Amino acid sequence: MKKFFFLLLPLILFTSQTLPSPDDEQLLRDWIRTIASDEFGGRKPMTPYEDVTVNYLAGELEKMGLEPAFDGSWFQSFPIISVTAAPEGKKIQVKGKRKSTLAYPEDIVVWTAQACEKVDMKNAEYVFCGFGIDAPEYGWNDFEGIDVRGKIIIAMVNDPGYYNPALFRGRNMTYYGRWVYKFEEARRRGAAGCLVLHNTEAASYGWHVCVNGHLEGNLALYNPETKNADELGIKGWLHEDGARKIFQAAGVDFEKALEEAKKPGFRSYSLKTRSDVRMTVSYDIRETRNVGALLPGSGNKDEAVVVSAHWDHLGIGTPDPSGDSIYNGAADNASGVAGALLLARRFAALPHRPGRSLLFLFPSSEESGLFGSEYYCSHPAFPMEKTVACLNFESIGPAELTRDVVILGGGQSKLDHYFEAAAAAQGRYIHYDDDNSDGWFFRSDHYNFVKKGVPAVVMENGLQPADPSRPNRYPFQQWYHKPSDEYREDWDLSGTMANVNLVYGIALSLAHAREKL
């Protein structure tokens, strides 16, 4: 109880300095409406709409009286490559015991991160590598006894725990389950390419997400020294129907192969099928920008609490049935940006600055692989050992008011106690969710901070509505990565505001506290 009171006391003492204003929800709505408007064009990096977005954010932060975070600049620039690639003839022929044809993008979506004018991969061999995982701590190695150099790996999405609670962490997905990891491991092992086998349930999103996100303008960090020549020749997603075609060409039972791959002791094997993969490639190398603002602390100003929210979304792409082709990203992540802006405004208005500094960070290129936060964490404004915590806003609205707040990734630091105290101050409670089967903990910018040892969790809206007659009318799958993710005036933001206020209390307590997490 003494510990709990110690954490709660700063919330009581200091939150009173800037109590939530009746105008706060209107401000939040105004920011979401603006940032998710057609005038911002879906906020894709390396398009003219990047300039619109980052200049707008810098302008808002400057009006608040905050300081630029990056040596006198609001922007942290870094090189990124945008690649559009498609198989010649929009098909890939597969040769084995039989022949089959993969249709693009119905069966397969492929791209590259290399700075090249074409990909010409001749007679490349397909290897089925189960989940494509080497995890010694879980006693699992899909690569034992097989050499995948120069070959195309097929790896299932998620990890074995999704199918067997006795394996890995059960339904609580590990980083090994993420498609990004599959590419990383394939690259480490010298593979020519990696195709992640899509499954809607195991991935937690439909095939449309794979298609919409990768038909054009695939982004990656760019290394001017290597010109990304050390990247995989091809990366891609493989639809289950496309995978069946490859396995049928190999004379291998597809369903049986998947079941065998889910069991301990599985060994990867060549499918003895091959393809000539030829892609025409166009690429553009430019600099994109993270946006950052600083409120220097009054005491331990060399230590910082980071409040973050990615500004980017998918831009203009495949039209939906209504003909709408702008992926406005109102929930994902204009709502998060608005939440971070609201906190920035409140902190800037404090009559007395807290002891620690506050950094308000708006990374670029989250949607393409968390690249903006990856770059920031390698080139931070504050050293990682001086970064107290990362409080990240991701898709926080619309949300109805709930009695609980869901946390993913708890149990790793004292940050849990701050969330518990802040929730208690609101008359709510924290629910620690151990079903991270969708891998959400690894899917936003906070995770790059976690990899550097900085405490962070994922906050989601709760499961217990304060008013059961007001359920959330915007289910995730109805809007995620679709043009329908647009702001509406009838959004219920009662829960969103409560969660923003909760994080404000946590940030304030952390900024005043002296302890390390």
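**Aspartate 142, the cores and some salt bridges**

Hi everyone, let's start with one residue: setting aside neighbours within four places in sequence, aspartate 142 is in contact with Cys129, Gly130, Phe131, Gly132, Ile133, Phe266 and Ser268, where contact means heavy atoms within 4.5 Å. Please keep in mind that this is a predicted model, in which local features need pLDDT of at least 70, side-chain atom pairs count only at pLDDT 80 or more, and totals for chains, interfaces and linings use all residues. Residues are numbered from 1 along each chain as its sequence is written, and side-chain values use heavy atoms, with hydrogens and water left out.

Back to our aspartate. Aspartate 142 sits in the loop between β8 (140-141) and β9 (152-156); helices (H or I, at least four residues) and strands (E, at least two) are DSSP runs, numbered from the N terminus. Which side chain of opposite charge is nearest to aspartate 142? That is lysine 182, 6.7 Å away, and aspartate 142 is buried yet has no salt bridge. Buried means under 20% relative accessible area, exposed over 50%, and partly exposed in between, with a 1.4 Å probe and protein chains only. A salt bridge needs a side-chain nitrogen of Lys or Arg within 4 Å of a carboxyl oxygen of Asp or Glu, and for charge, Lys and Arg count as positive and Asp and Glu as negative, with His and the chain ends not counted.

Now the pairs that do meet. The structure holds 29 salt bridges. One of them joins arginine 356 and glutamate 303, with the closest N and O atoms 2.8 Å apart. This pair links distant parts of the chain, 53 residues apart: arginine 356 is in the loop between α9 and β17 (357-362), and glutamate 303 is in the loop between β13 (269-295) and β14 (304-308). Arginine 356 is buried, at 0% relative accessibility, and glutamate 303 is buried too, at 13%.

For a local example, look at helix α2 (residues 24-35), where aspartate 30 and arginine 33 lie 3 residues apart, about one turn of the helix. Their side chains form a salt bridge (2.8 Å, N to O).

Finally, the nonpolar interior. A nonpolar core is a set of buried Ala, Val, Leu, Ile, Met, Phe, Trp, Tyr and Cys residues joined through side-chain atoms within 4.5 Å. The largest has 154 residues, and Leu61, Tyr126, Phe128, Phe362, Phe393 and Phe419 touch the most other members. Helix α9 (residues 330-348) gives the most to this core, with 11 residues.
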